[in-house]
Amino acid sequence: MGFTLPLSRDAFFIDGEWVTPSSSETIGIISPRTEEVVGTVPAGQPADIDRAVAAARKAFDHGPWPRMSVEERGAIMRKVAAYMRERGPEVAKLVSTEMGGPMSMLGRFPDGAGNLIDYYADLAKEVGFAHPRMGQVGPAVVRNEPVGVIGAITPWNGPLTLLLMKFAPALMAGCTMVSKPSPEAPLDAYVLADACAAAGLPAGVFNLVPAGREAGEHLVSHKDVDKIAFTGSTAAGRRIAEICGRDLRRVALELGGKSALIALDDADAAAVAKTAIPFGLGFNSGQACAALTRILVPARRQAEFVEALSAQMETLVTGDPFDLATTVGPMVAERQRTRIEGLIATGKPEGATLVRGGSRPTDLPRGWYVAPTLFCDVKNEMTIAREEIFGPVGVVIPYEGDDEEAIRIANDTPYGLAGAVFSPDIDRAYSVCQRVRAGTYGVNTFYIDPRLPFGGFKASGIGRENGKEGLLAFTETKTVLGLPEGIV
Ligand code: NAD
């Protein structure tokens, strides 16, 4: 596979320049497909984070960016978007190389990055950051001012998308940013830095330092950072929230999930399977935070649902992520596959029945593959029903009784990221939807829309990304009193 984008980098992007790292330590990029090191990036140290934060602070406190009009910021951001659009197909290959995602998914939206940035440029103009309001005493102006310096910490499973969901709204709100991508998949963030340089983004507005946990924590606890925007595991999110809580630093957390799809007793089994399998097991090879991995079906119809789900699993093709026929690629890392296999191994001893999969595909000796796996006869107390597996593993949980019981089981989880309900009776389905505590909910469907708010209830996070909510999350509200009417 020929690449025009580099698989190795030797600098950080700080203050509008490519700068030499403070240490010679590097991070190896390992292909989940070949298990070989395919590139390296420098490993950020606290000293590099300090330098990047100082640049972002200076750009926020003294630079032009926060003081530019929305139109001026938008014009530069549209140039970033155009660059990303041009590199779209190559970036998809880069992401697939780093984290093993199938090209059949990653290559489908080559304009995605550019479109998201353009969308926020339009939205910021439409929403506006100052509005007249009438108080009890008199008129006021309510302003949404940029939060300041953002520390963006992102995971490997959707590396560029999850960074862009912070980058585009934060910069359009007038913030500056230090990005710390994951050590597994940092290369695409470099392309975004290339785009910022090519577009003439003012120095220090976007800074990039790939690093591990320790330097990440240095960013989280940095006194000159105003807000941490984090996507990753609930465990890391708790730690980050603790640090931010101590310093009263703003924090947004997009964390894990264990989402439930509820099939009501009148649901069509084939329709359920058509959503449950691609969004529970298939999407991003099951490495998706919003995956609908708990499939709740009426107990008396379990056999029928299992048959439909199993038949739908036939459509999943596990294999080389560069093969366009592949829908399930390898897991991101060996430790991740080991963890998934450990969780699968708890299924049978705890009383679940294995329907399909459960092992490595025998025809793929190289690469960290896990065969798509389905269990039935699962109780919600079992490990496979409670833990976020983050692999192509789904569980069918039969429920006795009425919709109440299904709602109780769906809510019986520490998480609350997503969910779906299936029934031809829309009123009944919508009533179920309103009682499940989750941030994104599908009625007879499921997908994630970058223009609509996304985030978690309970241990799935704090705050929302995407849409208008995702833009305003990077602002502080200021009430201005005493201005004569007409001034905004
Ligand atoms: P992770 O929490 O291990 O790491 C995520 C990022 O945080 C990485 O960049 C990592 O280096 C950094 N990090 C980890 N601990 C840190 C700390 N103490 N201080 C600062 N930085 C730290 O998660 P992961 O394994 O890379 O990603 C998978 C997890 O992400 C899953 O739990 C998944 O559900 C979650 N996720 C959530 C969403 C969402 O929007 N809710 C989206 C995608 C992934």
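Q: What makes the link between the side chain of E98 and the backbone nitrogen of L187 a polar contact?
A: In this predicted model, the side chain of E98 comes to 2.5 Å from the backbone nitrogen of L187. A polar contact needs a pair of N or O atoms within 3.5 Å, so this pair qualifies.

Q: Why is E98 called buried?
A: E98, which lies in helix 2, has a relative accessibility of 1%. Buried means under 20%, so E98 counts as buried. Among the residues it touches are I29, P159 and D188.

Q: How do you know that the length of helix 4 agrees with 1.5 Å a residue?
A: Helix 4 has 16 residues, 112–127, so it should span 22 Å. Its end C-alpha atoms are 22 Å apart, and the two values agree.

Q: What covers the buried residues of helix 4?
A: The cover includes helix 2, strand 5, helix 5 and helix 15. Among the buried residues of helix 4 are A113, L116, Y120 and V127. Just after this helix, G128 has a positive phi of about 70 degrees.

Q: What makes the pair formed by the ligand and the side chain of E388 a polar contact?
A: An oxygen atom of the ligand is 2.6 Å from an N or O atom in the E388 side chain. The cut-off is 3.5 Å, so the pair is a polar contact. L255 joins in with a backbone N or O atom, 2.6 Å from a nitrogen atom of the ligand. The protein covers 93% of the 840 Å² of accessible area that the ligand has on its own.

Key. Residues numbered from 1 in each chain as written. Predicted model: local features only at pLDDT ≥ 70, side-chain atom pairs only at ≥ 80, totals over all residues. Heavy atoms only, no water. Helix = DSSP H or I, 4+ residues; strand = E, 2+ residues; numbered from the N terminus. Expected span 1.5 Å × (residues − 1). Buried < 20%, exposed > 50% of the residue type's maximum accessible area, 1.4 Å probe, protein only. Contact = heavy atoms within 4.5 Å. Polar contact = N/O pair within 3.5 Å; in protein donor to acceptor, adjacent residues only side chain to side chain. Areas by Shrake-Rupley, 256 points an atom, 1.4 Å probe, with all protein chains shown as cover. Lists of a residue's contacts leave out its neighbours within four places in sequence.
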